[in-house]
Amino acid sequence: MDRNDNDNNQELEENTLDKQEQKTEASPGIAETARQNAKPKQEKPKQKSGFKTLMSGIAGGVISAVIVALLFTTNIIPLNQQEESDSASSEGNEQTAPEIAETVASDNSNIASNMDEVSKAVVGVINKQQQSVWTQSKQAGAGSGIIYKEKDGKAYVVTNQHVVEGAEEVEVVLNSDTRISAKVLGTDSFTDLAVLQVDGKKVNTIADLGSSKNLKVGDTVVAIGNPLGMNFANSVTKGIISGLDRSVSIDTNGDGQPDWVTEVIQTDAAINPGNSGGALINSKGKVIGINSMKIAKTSVEGIGFSIPIDEARPIMKQLEEDGEVARPFIGISTASMGQVPPQYRDQIQLPENVEGGMVVAKVQQGSPASKAELQQFDVITKINGNKITSILDLRKYLYNETKIGESVELEIYRDGEPQKISLELVKREK
């Protein structure tokens, strides 16, 4: 705008000079003035005046260009003026960045707040065993647990069955480092769950149980527990859900053979010894899983497993109320074909086209199997038309597909001949 103002002033000055020159040329006298007024108007003076104006304008433009060039070279008008404008525009755009940062910060704050709340409901579980009749019980192991309920002055803690296995005494260590005695209400080896009861007077926080139904691979999760004992109590590790509906075979009786398959959530959040029974929570601070196990190999990193909370709830309820999980019962002990001792294998006769099956090793008296007249060395090949090749197949079908009181049909081979036997499932007695 300054340069435009200067150009306008120069043009105004030139016009003024033209007028002054015209006035000077018209001043010889009154008579001459009268003669000029009487004569027709001539164009020559105007041409002269216009030419001067044009030349003056060109000169003014050249002078202005020189001045501007000097200003640029002296940095009075910076050459990066456009860059400054772009920078300012960028700064203007960056003004929206704090909103994004605030959102992230807010989310992190919420997670931190939720973790702080949940961590108060995650406790230590001390397994105390007596080394001999002459000594008092001492700590034999430690894990984690989750306070999930409080009622009538009692608080209830869910943990893993293997955390309290073999314990003669169990202690729960609260977030305040207070230790209180716990009663084991019930355990279940197949789901690796146990429920404890403690005095609720000193319990101030209950975990918020969520749902594992709508989880997605990649969801952010946090594992809370006590890795390597109470020295690292309430440790928090962050990760993601790496896989859903993972089937993991486990050995529940220590015979080296898998006899159950559990459905678990896979996560890369660090789960170490002592984390067992701790909470796996989502970004909202809700418990979606109970940390249970990990793959412990030097070649494997970041593969841990948690029991989905939706699968754990009904088990927790049964353990809390009944002390056990009611499952259908047949009343037999079985073995795979390869587990039969050599001296008894001649008792088993199967057609060549039959592959696999479970050999009946023992029939419990008074059981459904006894009433249906199952015998030792019978080979079970199918249940309700479903192929059976291992105790795992048999249990999975019984525990997942049938109910107490239902009748099932077993297809067996006895002395090489096929037979069908029906029996009614009953509840296993304590």
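**Figure 1. Surroundings of glutamate 168 in the predicted model.** In this predicted model, glutamate 168 is found in the loop that runs between helix H6 (161-164) and strand E4 (169-173). With a relative accessible area of 47%, glutamate 168 is partly exposed, and when neighbours within four places in sequence are set aside, Lys128, Gln129, Gln130 and Ser137 are in contact with glutamate 168. For one of these residues, glutamine 130, the backbone nitrogen lies 2.7 Å from a polar atom of the glutamate 168 side chain. Serine 137 is 31 residues away from glutamate 168 in sequence, and the C-alpha atoms of the two residues are 7.4 Å apart in space.

**Figure 2. Aspartate 188 and its contact with arginine 327.** Aspartate 188 belongs to strand E5 (residues 179-188) and has a relative accessible area of 6%, so this residue counts as buried, the limit being under 20%. Once residues up to four places away in sequence are left out, aspartate 188 touches Gln161, Leu193, Ile315, Leu319, Val325 and Arg327. The side chains of aspartate 188 and arginine 327 are joined by a polar contact of 2.7 Å. Arginine 327 also places its charged end over the ring of tyrosine 399, at 5.3 Å from the ring centre.

**Figure 3. Helix H9 and the elements that cover its buried residues.** Helix H9 spans residues 391-401, and within this helix Leu392, Leu394, Arg395, Tyr397, Leu398 and Tyr399 are buried. The cover over these buried residues includes strand E8 (235-250), strand E9 (260-267), strand E13 (328-329), E16 and strand E17 (386-387). Tyrosine 399, one of the buried residues of H9, is the residue whose ring lies beneath the charged end of arginine 327.

**Figure 4. The charged end of lysine 149 over the ring of tyrosine 156.** Here the charged end of lysine 149 sits over the ring of tyrosine 156, and its distance from the centre of that ring is 5.4 Å.

**Figure 5. The aromatic pair of tyrosine 344 and phenylalanine 377.** The protein has two aromatic pairs by the rule applied here. In the pair formed by tyrosine 344 and phenylalanine 377, the ring centres are 6.1 Å apart and the planes make an angle of 35°, an arrangement classed as tilted. Tyrosine 344 lies in the loop between strand E14 (332-336) and strand E15 (358-363), whereas phenylalanine 377 lies in the loop between helix H8 (368-371) and strand E16 (379-383), so the pair ties together parts that are 33 residues apart in sequence. Both residues are partly exposed, tyrosine 344 with a relative accessible area of 40% and phenylalanine 377 with one of 21%.

**Figure 6. Confidence and overall make-up of the protein.** The mean pLDDT of the protein is 76, and 73% of its residues reach 70 or more. Over residues 1-48 the pLDDT stays under 50, and the model has 13 contacts beyond four places in sequence for this stretch. Residues 70-111 likewise have a pLDDT below 50, with six contacts in the model beyond near neighbours in sequence. Where pLDDT is low, the predicted coordinates should not be read in detail. The protein contains nine helices and 20 strands, and 36% of its 430 residues count as buried. Among contacts with a separation of 6 or more, 61% are between residues 24 or more positions apart. The exposed area of the protein is about 25600 Å², of which 48% is supplied by carbon and sulfur atoms.

Note on methods
Residues numbered from 1 in each chain as written. Predicted model: local features only at pLDDT ≥ 70, side-chain atom pairs only at ≥ 80, totals over all residues. Heavy atoms only, no water. pLDDT = per-residue confidence, 0-100. Contact = heavy atoms within 4.5 Å. Phe/Tyr/Trp six-rings, centres within 6.5 Å; stacked < 30°, edge-to-face > 60°. Helix = DSSP H or I, 4+ residues; strand = E, 2+ residues; numbered from the N terminus. Buried < 20%, exposed > 50% of the residue type's maximum accessible area, 1.4 Å probe, protein only. Lys NZ or Arg CZ within 6 Å of the ring centre and 35° of its normal. Polar contact = N/O pair within 3.5 Å; in protein donor to acceptor, adjacent residues only side chain to side chain. Areas by Shrake-Rupley, 256 points an atom, 1.4 Å probe, with all protein chains shown as cover.
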